[in-house]
Amino acid sequence: MNKKLFDTLRHISLVLLYAGAAVILVQAAWISYGVVVRYVFNSPDGMVTEATALLLVPVAFMGVSFALLNDSYPKVTLMRDKLPPHIQFWVDKFNMFVMLIIGLFFLAASGKAMFKSFSSGAASEILLWPRFYFWIPVVIALLSFSITAFCLLVAGRHDQSTPPLQDKSSPQDKPSSNDDVNSIEAVEKHEKDA
């Protein structure tokens, strides 16, 4: 159950990540087009600035759940690393709880903005694109982030990049200083033993 849930969350975060990358490619092409028509043909395109600015908001949030799943947010662990492991565990849980609360706050704010822009019919100034279209991906990305943060808070991080735990009772299984405890073989051996 745990593995299936995290696999589903990973797939959702990858879809959002690739969608964000596609939007960035569209922005880059559109901005390049705008520069060429402005400075080469001396005919500025009035849509470029507004369109790329509107697309920046969804792009800013598309990779948040992927970064959370891969533990890619910057951390300052100078004090935490000096604490005993059981205290580190609770510090990490508190950190994830704070991230969940922040994610839920931004989810509520973006959801409110989406519903208000939908009910008011607000549109962009030049292109007249409905603004709620740009809030939908933000809400989906923040919902994914919040669900991921909740699952990581409750179930913990199922991370294969950490070295497998070694049984202290069997010294022959302990890796020597030359063994790579992060290798695929070591992880697979640990999973078979568990």
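User: In which helix is the place of V26?
Analyst: This is a predicted model, in which local features need pLDDT of at least 70, side-chain atom pairs count only at pLDDT 80 or more, and totals for chains, interfaces and linings use all residues. Residues are numbered from 1 along each chain as its sequence is written, and side-chain values use heavy atoms, with hydrogens and water left out. Helices (H or I, at least four residues) and strands (E, at least two) are DSSP runs, numbered from the N terminus. On this basis, the place of V26 is in helix α1.

User: Is V26 buried, partly exposed or exposed?
Analyst: Buried means under 20% relative accessible area, exposed means over 50%, and partly exposed lies in between (1.4 Å probe, protein chains only). The relative accessible area of V26 is 44%, so V26 counts as partly exposed.

User: What distance separates the C-alpha atoms of V26 and L55?
Analyst: Along the chain, V26 and L55 are 29 residues apart. In the model, their C-alpha atoms are separated by 9.3 Å.

User: Is S65 buried or exposed?
Analyst: S65 lies in helix α3. Its relative accessibility is 1%, and therefore S65 counts as buried.

User: With which residues is S65 in contact, leaving aside its neighbours within four places in sequence?
Analyst: Contact means heavy atoms within 4.5 Å. Once the neighbours within four places in sequence are left aside, the partners of S65 are S13, L16, S144, F145 and T148.

User: Which element gives the largest share of the largest nonpolar core?
Analyst: A nonpolar core is a set of buried Ala, Val, Leu, Ile, Met, Phe, Trp, Tyr and Cys residues joined through side-chain atoms within 4.5 Å. The largest such core has 13 residues, and F6, L9, L68, M96, F145, A149 and L152 touch the most other members. Two or more residues come from each of α1 (2-39), α3 (64-69), α4 (85-120) and α5 (132-155). The largest share, five residues, comes from α5.

User: Which residues are in contact with L9, leaving aside its neighbours within four places in sequence?
Analyst: L9 is one of the residues that touch the most other members of the largest nonpolar core. Without the neighbours within four places in sequence, L9 is in contact with L69, I147, T148 and C151.

User: How many residues are in the second, separate core?
Analyst: Among the members of this core are M114, V138, V139 and L142. The second, separate core has six residues.

User: What percentage of the residues of the chain count as buried?
Analyst: The chain holds six helices and zero strands. Of its 194 residues, the buried share is 29%.
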